[in-house]
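Subject: Structure for you to look at

Hello,

Here is the structure I said I would pass on. Please open it beside this email and follow along.

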Amino acid sequence: MEAVRQVICSLSERVREETHSGMQTPHFFPLGEGLELTEMERQEDQLVLHVMATSRSARCPLCNQPATRLHSRYRRLVKDLPCTGQQVQLILHVRKFFCDTVECVRKVFAERLPQFVAPWAQMTTRLNQALQTIGLATCGRLGARLAAHLGITTSWMTIVRRVMALPTPPVDHVECLGLDDFAFRRGRTFGTVVVDLDAHQIIDLLPDRQAETAATWMGKHPEITHVSRDRGTEYASASSTGAPQAIQVAARFHVCKNLSEAVQRLLARVLSEMKAASQEGSGKTNTQKEPFASVEEWRPDPGVQVARTIATRRGERDARYQQAVHLHEQGRSIKEIASQLGISQRTVRHWFARGVAPDTRPRRKRQSDFDPYAAYVLKRWHDGERNGTRIFQEIAAASVTQAHNAWSIAS
Ligand SMILES: [Zn+2]
């Protein structure tokens with residue numbers, strides 16, 4: 001039975017060779033050595049090319065020995081580069097051979113066309129490279145749109161996958177290393193970007209910003225002499241563990257950022273203190289705090305530190321608001337003002353619509369143990385009672401009476 005099958009296969013092989021041997025592969029569409037165009041047809045908007053290998057033998061992928069005994073053929077559909085703007089669909093007539101090497105466990109194998117198409121790939125190597133080039137120059141979605149204009153039908157996901165399939169070049173030698181975090185999803189998931197500061201190139205991306213991950217990476221590079229990092233604790237500990245031999249330096253970007261933030265905070269604090277002092281001088285403030293008018297208005301005292309921070313931030317915002325007003329009076333557009341002050345256009349519009357310094361809204365009230373007694377204290381205050389201890393004693397006495405009544409009812 002096997003012999004009959006073999007005869008049929010070799011006969012059909014000969015017939016096919018004789019039938020198709022006349023067709024020339026067009027010079028404008030080279031297929032590479034060892035491949036021959038046997039048939040060409042047009043289907044709607046694409047060219048369909050039938051291609052077969054011309055070599056008499058193929059090497060077994062397992063034992064690498066040449067084989068000539070034909071087993072069968074099958075058709076494999078592969079997309080190729082477009083030709084004059086038309087999509088090209090290749091139908092590869094792939095042969096299967098018997099491997100006659102006695103020791104080889106592979107009995108039958110399909111011939112490989114390694115220069116032209118990778119095993120199991122659905123597109124030729126050259127189309128794959130074209131998509132990678134497009135993807136690297138643009139991005140997924142833009143790449144897919146550009147490719148459509150060039151006659152390649154693909155999806156953004158395919159382009160992204162093709163780019164991701166590119167191997168990362170190995171990191172050989174790095175002396176001055178830069179570490180910083182970046183966001184995969186802003187505010188949610190972060191990774192670490194590893195930079196060769198001598199070459200000014202990103203050399204790796206780590207999946208998170210944990211100290212252990214960065215330390216493990218640095219541990220493989222004992223040649224590191226300097227680590228430039230932010231001023232957080234994670235990369236500091238990573239550098240100490242992973243590259244104890246290296247000198248750690250604060251990145252220029254972070255030094256400038258921290259410095260400018262500190263100066264801004266200082267100026268805002270000075271501004272708020274100056275404002276308070278001038279109000280005091282003009283007799284605007286009372287040494288005795290105004291009592292709150294209603295229970296809803298009452299807010300727990302935030303404490304000295306928090307109050308100072310709030311005042312500083314408010315001073316900062318006030319100064320910025322004044323700057324915005326000043327720029328607006330000079331005839332600057334909202335866009336210009338926003339970019340100069342480093343805030344969003346929406347914020348600027350919001351400020352001008354309100355026409356007052358921002359953050360004058362009452363802050364959200366926090367829960368407090370005092371809440372149940374606020375109404376009583378307010379009532380006593382309005383009655384003219386100014387002695388805190390006495391009000392406290394009244395509340396304490398009322399609580400005892402309440403508890404006693406509750407106990408009497410229960411028993
Ligand atoms: Zn073999």
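Start with Arg390, which counts as partly exposed because its relative accessibility is 43%. Its side chain meets that of Glu385 in a salt bridge, with 3.4 Å from N to O. Salt bridges that share partners join these two with Lys379, Arg380, Asp383 and Glu394 into one network. Glu385 counts as buried, since its relative accessibility is 12% and the cut-off for buried is under 20%. So this salt bridge has a partly exposed residue, Arg390, at one end and a buried one, Glu385, at the other.

Before going on, please note that this is a predicted model. Everything below is computed from that model.

Another pair in the network is Lys379 and Asp383, whose side chains also form a salt bridge, at 3.4 Å from N to O. Both residues belong to helix H11, which covers residues 371–383. They are 4 residues apart, about one turn of the helix. Asp383 is partly exposed, because its relative accessible area is 48% and exposed would require over 50%.

As general background, side chains of opposite charge can pair when their charged atoms come close. The count for the protein comes to 10 salt bridges.

Next, look at helix H12, residues 388–410, where you will find Phe392. Is Phe392 buried or exposed? Phe392 is exposed, because its relative accessible area is 59%. Phe392 and Val377 lie 15 residues apart in sequence, and their C-alpha atoms are 8.7 Å apart in space.

Now move to helix H7, residues 252–281, which holds Leu259. Leu259 is exposed, given a relative accessible area of 54%. Together with Val263 and Leu267, Leu259 forms a nonpolar patch on the surface. The accessible area of the three residues together is about 280 Å².

Helix H7 also has a salt bridge to look at. The side chains of Lys257 and Glu261 meet there, at 3.4 Å from N to O. Both lie in H7 and are 4 residues apart, about one turn of the helix. Lys257 counts as partly exposed because its relative accessibility is 37%, and Glu261 counts as partly exposed because its value is 32%.

Two other helices are worth viewing together. At what angle do helix H2 and helix H4 pack? The angle between H2 (residues 125–137) and H4 (residues 156–164) is about 95°, and their axes are 8 Å apart. Therefore H2 is roughly perpendicular to H4, as angles of 65 to 115 degrees are counted that way. On the H2 side, the residues that meet H4 are Asn128, Leu131, Gln132, Ile134, Gly135 and Leu136. On the H4 side, they are Thr158, Ile159, Arg162 and Val163.

Phe116 sits in the loop between strand S7 (108–110) and H2. Its relative accessibility is 7%, so Phe116 counts as buried. Which residues does Phe116 touch, not counting those up to four places away in sequence? They are Leu31, Leu35, Asp80, Leu90, Leu92, Thr124, Thr125 and Arg126. Gly34 is 82 residues from Phe116 along the chain, yet the two C-alpha atoms are separated by 10.0 Å.

Gln46 is another buried residue to find, this one in strand S2, residues 46–53. It counts as buried because its relative accessible area is 18%. Leaving aside neighbours within four places in sequence, Gln46 is in contact with Glu41, Gln87 and Gln89.

Last, some totals for the protein. It has 12 helices and 12 strands. Of its 411 residues, 30% count as buried. Among contacts with a separation of 6 or more, 47% are between residues 24 or more positions apart. The protein exposes about 27,600 Å², and carbon and sulfur atoms supply 55% of that area.

If you want an order for viewing, begin with the network that includes Arg390 and Glu385. Then go to the surface patch of Leu259, Val263 and Leu267, and finish with the packing of H2 and H4.

Regards

Note on methods: Residues numbered from 1 in each chain as written. Predicted model: local features only at pLDDT ≥ 70, side-chain atom pairs only at ≥ 80, totals over all residues. Heavy atoms only, no water. Patch = residues over 30% accessible without salt bridge, like charges linked within 9 Å, V, L, I, M, F, W, Y side chains within 5 Å. Areas by Shrake-Rupley, 256 points an atom, 1.4 Å probe, with all protein chains shown as cover. Salt bridge = Lys/Arg side-chain N within 4 Å of Asp/Glu carboxyl O. Buried < 20%, exposed > 50% of the residue type's maximum accessible area, 1.4 Å probe, protein only. Axes fitted to C-alpha atoms, helices over the stretch in contact; angles between N-to-C directions. Parallel < 35°, antiparallel > 145°, perpendicular 65-115°, else oblique. Contact = heavy atoms within 4.5 Å.
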